[in-house]
Each structure stands twice: as C-alpha cells, then as structure tokens.
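Work through the exercises below with the sequence and the model open. Each task is followed by a stepwise solution.

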Amino acid sequence: MTDLRTPPVNDGDLFSERARQYALEKPLQRIHILEAGCGWGTGLDLGDREHHVTGVDMESPELRAYTCERPDLDTWHLGDLRTVPLPPRAFDVVHASYLIERVPHAELVLDRFVAALKPGGLLLIHLRDRSTAFGFLDRTLPRWMHASGRRRRRRTRPGRGPRGAHARVPHQPGSEPGAAAGEGNGMGTGAAERAQPAPRPVVRTGPPPAIYDRVASRAGMQWYCVMRGLVISEEYTSRQAIDALGAGTGLVALVCRLVSAVSRGRLPADHSDVTFVIRKPENRFARVI
C-alpha cells in the first residue's frame, strides 16, 4: 500500500493519466469506462483512445438535467445505485469522484462497482474524509458548510458533440450533407459555419448533500480494500474542500484546527479529501468479488 501525502497533480489529471496508462496496456481493445456520479462531475480524458463511457448516478431533476447535457456519455442510467444495471466484469475503469460520501449504503454500492470491474481494472475514487475535522463540520453543519452554489462550466473537447441515445442533439438548419457545404443556397462553407449557432455550454452546480457512511473515509476505504482483496496503488490526501470553501480568508481552516484541538487530534485538520487509485487483481484465486 502506497501512502503519499501530496498528490503530484490534481485528481482530474491524475485519474486521466492513470486511465491512459491502462489503455496503453490494452492496445487493441476499446476501453469501457463507468462514470459513477455522472450527474454533476467531469469525466476522464483518454485522448484519441477508443472508449465507451457509461454513466450512473442517483435520480434527481438537477442530476438528470446535467447528465442529459454531457457530451462524453454514450449511455447512462439514473436511479438507485444498488439496482441500476451494471453487467459483471464489463468495465476497465470505474471513476467515482465525490460520490461515495454522498450515497446511502455506500459499501453495497462499492461492491457493485467492484463486481462490474474487469480483473486488472482500475477503481479511481476521490472522496471527502468523514473522519476529519472538515468531515465532522460537513456532517453536523451541512447548510453552513455546503458550497456557495457557484456554477462552473464544463470544458468540452472541440469537435465532439453529445453522444449516445440519451444525448439531446437538436436539429440545426443546414445540417444536411448538401447544405453543410453551402450547396443550393449560394452560401460558401465559411458562411454556413458562421450560420451555425454556438453550442450551449454544459453548466453544473455543486454536488448533492453528503451522507458519510462509515466507508467514506481514508481508514474506511483502506479497510474495504483489505476485506475485498483490492490493491491500493496510490493514495493521496489534500485540502481541496478546505481551500475551496475558505475563499482565501482561512476561516474554514481555522475552524477545522479548533475542532481538531478540541478532539485532541482524533479529527485531523491537515486534510479534507482523499484520492485512491485502486486495482482489482487479475489472479482468479484472489479474494475479490
């Protein structure tokens, strides 16, 4: 088990890099990705590698609205994560950021993700640690500690529109093969391109409220991996939530230090988030789901 205190890059870059490294090990295969928590986050960047992305998340109007607008999903399912369709050993990579602490029965949900992962596949998890001072405040003072509702625009790769049967692709005038080149209307290619409306940006809000089951912590995930025979390849802690909510004032960090002092260090204030790169063993005799 590797325990590195500071991640070399942010989690999005780290997870995408690990997914690309995995894809290099499978040069002739399409990479199947399960985007767990597709209703508010961002996906992995595999570059030009052929891949198929399936999204799953809980059901709510906000999560559904964002999922419908995501251009990187080939298919998706919203509902109870204990029952959404997940074929066994079907995915090469399971990506779950800010999800484990936000779902009820998180251990059962993790079991389903691991069962859906191919032997040798990657489980990429980022979560807020319930066993920290920040996690304590987030549990006990949810309204005060929630994000301020900042809306962020999701970056999309140029030239790639909505994908999959669920993607909403409105018909644009002049989108027929002949009209796109300006045939029959006297327009040149440049004029036809200028006539196309700009794609609507995908806007997201903050994640759903946290629940913090027991497994949603650094120690909880370590215990889970030991019990399921999973290998933690990389483990990092960070202060992302503390720094994001502090807004440069240091108020959240100060409150976290006070909570840590009152708890006599039982609730640490040195981090709020934990990142795991987990691998499911290929050995069929290993104790895995």
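Accessible areas come from the Shrake-Rupley method with a 1.4 Å probe, and for residues only the protein chains shown count as cover. The model is predicted: local features need pLDDT of at least 70, side-chain atom pairs count only at pLDDT 80 or more, and totals for chains, interfaces and linings use all residues. Residues are numbered from 1 along each chain as its sequence is written, and side-chain values use heavy atoms, with hydrogens and water left out.

**Exercise 1. Take stock of the whole protein.**

Task: State the accessible surface, the buried share and the secondary structure content of the protein.

Solution. Start with the surface. It comes to about 14,800 Å², and 55% of that belongs to carbon and sulfur atoms. Next, burial. Buried means under 20% relative accessible area, exposed over 50%, and partly exposed in between (1.4 Å probe, protein chains only). Of the 289 residues, 45% count as buried. Now the elements. Helices (H or I, at least four residues) and strands (E, at least two) are DSSP runs, numbered from the N terminus. The protein has 10 helices and 9 strands. Finish with contacts, defined as heavy atoms within 4.5 Å. Among contacts between residues at least 6 apart in sequence, 76% join residues at least 24 apart.

**Exercise 2. Trace the sheet.**

Task: Give the strand order of the open sheet of 7 strands, then find its edges.

Solution. Two strands pair if DSSP finds at least two bridges between them. The order is 3-2-1-4-5-9-8, and the pairing is mixed. Strand 3 (75-78) and strand 8 (231-238) are the edges, since each pairs on one side only. From one strand to the next, the twist averages 15°. Axes here are lines fitted to C-alpha atoms, for helices over the stretch in contact, and angles run from 0 to 180 degrees between N-to-C directions.

**Exercise 3. Dissect strand 9.**

Task: Which strands pair with strand 9, and in which sense?

Solution. Take strand 8 to begin with. It runs antiparallel to strand 9 (residues 273-279), and 7 bridges join them. Three partners can be read off. I232 stands opposite I278. E234 stands opposite V277. S238 has D273 as its bridge partner. Then turn to strand 5. It also pairs with strand 9 in the antiparallel sense, over 7 bridges. Here L122 stands opposite R279.

Now check the cover. In strand 9, 6 of the 7 residues are buried. In strand 8, 6 of the 8 residues are buried, so that strand is largely enclosed by the rest of the structure. Helix 8 (residues 218-228) lies across strand 5 (117-128), strand 8 and strand 9, at about 10° to strand 9.

**Exercise 4. Map the nonpolar cores.**

Task: Which residues of the largest nonpolar core touch the most other members, and which elements supply it?

Solution. A nonpolar core is a set of buried Ala, Val, Leu, Ile, Met, Phe, Trp, Tyr and Cys residues joined through side-chain atoms within 4.5 Å. The largest has 36 residues, and F113, I125, M221 and I278 touch the most other members. Strand 1 (31-36), strand 4 (91-97), helix 3 (106-116), strand 5, helix 8 and strand 9 each supply at least two residues. Helix 3 gives the largest share, 6 residues.

Look closer at helix 3. Its buried residues are A106, V109, L110, D111, F113, V114 and A116. They pack against strand 1, strand 2 (51-57), strand 4, strand 5 and helix 8. Then follow I278. Beyond four places away in sequence, its contacts include I125, M221, C225 and L230. A second, separate core of 20 residues includes L14, F15, C68 and Y236.

**Exercise 5. Inspect three loop residues.**

Task: Describe the settings of R70, R89 and H105.

Solution. R70 lies in the loop between helix 2 (61-69) and strand 3. It is buried, with a relative accessible area of 1%. A polar atom of its side chain lies 3.1 Å from the backbone oxygen of C38.

For the other two, look at phi. Most residues other than glycine have a negative phi. R89, in the loop between strand 3 and strand 4, has a positive phi of about 50°. H105, in the loop between strand 4 and helix 3, has a positive phi near 55°. At 40% relative accessibility, H105 counts as partly exposed.

Terms used: Polar contact = N/O pair within 3.5 Å; in protein donor to acceptor, adjacent residues only side chain to side chain.
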